[in-house]
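Open the model in your viewer and keep the selection panel at hand. The tour below goes from one selection to the next and says what is found at each stop.

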Amino acid sequence: MRGNNHKQPLVIANWKMKLTASAALDLARKIKKASAKYRGAEVVVCPSFTELGAVADILDGSGAALGAQDCFWEEQGAFTGEVSPKQLAAYGVATVIVGHSERREHLRESGDMIHKKIRVLLSLGMRPVLCVGESFDERAEGQKEVSLAAQVHQALDGLWLTRAHELVVAYEPVWVIGSGQDIDPNEIEHTHQVIRQSLCDIFTPSVVDEHIKIIYGGSVDPENVGRYMAKPSVAGVLVGTASLDATRFSAVVAGALKS
Ligand code: PEP
């Protein structure tokens, strides 16, 4: 099921709300310096909105692109505090994380909200990174597959992917995020196939293979990335904690390139 996916592993850095402005710019400078070695991978860095402009300037001409951690579902209007995908695009952002489990949990972001965000991103030719993942309890109760299928269907039912569209689905088990815990790569492979089946129920298998990458996120680090990327369905990784250190992040990219 690797299709075209592995010609260029996708590595996305999610800095969350973890860095001061000066730490973010320092990290961006270090990533720019290291990025000559990223050749062969597609690397996307997602800072906070407040640092987008400065990080865009630093990464300009580097081997890493700029992404965003979220967006609103309208292009413009009376939506105090929100940031539209068009505003992000003005900074050169093409890739936007949507439906991260932290937003689902802390901001009660619903399937409908996530669906609307993906719809507007696709309509603007931008690339959503839809995050899906089961909780510890769902997994323990044997509800993992049901939960993931529901998340995929809520986000994507009724959408079309045409020639220009690209979509990424990030499988992020909620119980692994930020835990430092490794997961059996066979479990990732199995779960990616479950996700792929849901995607094939919505689109067609050929559309899925041509337009959708499935990546893994959850305590990815330089030590485990090779084992995860060796699995045929894993087209890349979404990296939180390990993306906050330029040396460790660059080692993750190197590991993804090797496998
Ligand atoms: C994330 O929050 O998307 C993530 C994968 O974080 P971490 O790598 O820290 O588990």
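Select Ser219 to begin. This residue counts as buried, because its relative accessibility is 17% and the cut-off for buried is under 20%. Ser219 sits in the loop between β7 and α10. Its phi angle is near 55 degrees, a positive value in a residue that is not glycine. Keep in mind throughout that this is a predicted model.

**The ligand**

Stay on Ser219 and show the ligand as well. A backbone N or O atom of Ser219 is 2.7 Å from an oxygen atom of the ligand. Of the ligand's own 300 Å² of accessible area, the protein covers 99%.

Next, add the side chains of His100 and Glu172. In His100, a side-chain N or O atom lies 2.8 Å from an oxygen atom of the ligand. For Glu172 the distance from a side-chain N or O atom to a ligand oxygen atom is also given as 2.8 Å.

Now widen the selection to the whole shell around the ligand. Which residues come nearest to the ligand? Of the 14 residues around it, they are Lys16, Glu172, Gly178, Ser219 and Thr241. By type, the shell holds three nonpolar, eight polar and three charged residues. If you display pockets, the space that the ligand takes is the second largest pocket.

**Asp221**

Return to the loop that follows β7 and select Asp221, which lies between β7 (212–217) and α10 (225–229). Asp221 is buried, since its relative accessibility is 14%. Draw a distance from its C-alpha atom to that of Asp245: the two residues are 24 apart in sequence and 11 Å apart in space.

**The loop between α4 and α5**

Select Arg108, in the loop between α4 and α5. Here, too, phi is near 55 degrees, a positive value in a residue other than glycine. Is Arg108 buried or exposed? Arg108 counts as exposed, because its relative accessibility is 62% and exposed means over 50%.

Move to Glu109, in the loop between α4 (101–106) and α5 (111–123). Glu109 has a relative accessible area of 6% and is therefore buried. Show its side chain together with that of Lys117; the two side chains make a polar contact at 2.9 Å.

**Ser84**

The next selection is Ser84, in the loop between β3 (64–68) and α3 (85–90). With a relative accessibility of 6%, Ser84 counts as buried. Turn on backbone atoms around it. What does the side chain of Ser84 reach at 3.0 Å? It is the backbone oxygen of Glu75. The same side chain reaches the backbone nitrogen of Lys86 at 3.2 Å.

**Helices α1 and α2**

For the last stop, select Lys33 in helix α1 (residues 21–34). Lys33 counts as exposed, as its relative accessibility is 74%. Then add Leu59, which belongs to helix α2 (residues 52–59). Leu59 counts as buried, because its relative accessibility is 5%.

Draw the C-alpha distances from Leu59. Lys33 and Leu59 are 26 residues apart along the chain, and their C-alpha atoms are separated by 9.4 Å. Leu25 is 34 residues from Leu59 in sequence, with 9.9 Å between the C-alpha atoms.

Key: Residues numbered from 1 in each chain as written. Predicted model: local features only at pLDDT ≥ 70, side-chain atom pairs only at ≥ 80, totals over all residues. Heavy atoms only, no water. Near = heavy atom within 4 Å. Polar contact = N/O pair within 3.5 Å; in protein donor to acceptor, adjacent residues only side chain to side chain. Areas by Shrake-Rupley, 256 points an atom, 1.4 Å probe, with all protein chains shown as cover. 1 Å grid on protein atoms, 1.4 Å probe; cavity = no way out; pocket = protein on both sides within 12 Å on 5 of 7 lines; lining within 4 Å. Sits in = over half its atoms within 2 Å of the grid points. Nonpolar A, V, L, I, M, F, W, Y, C, P; charged D, E, K, R; others polar. Helix = DSSP H or I, 4+ residues; strand = E, 2+ residues; numbered from the N terminus. Buried < 20%, exposed > 50% of the residue type's maximum accessible area, 1.4 Å probe, protein only.
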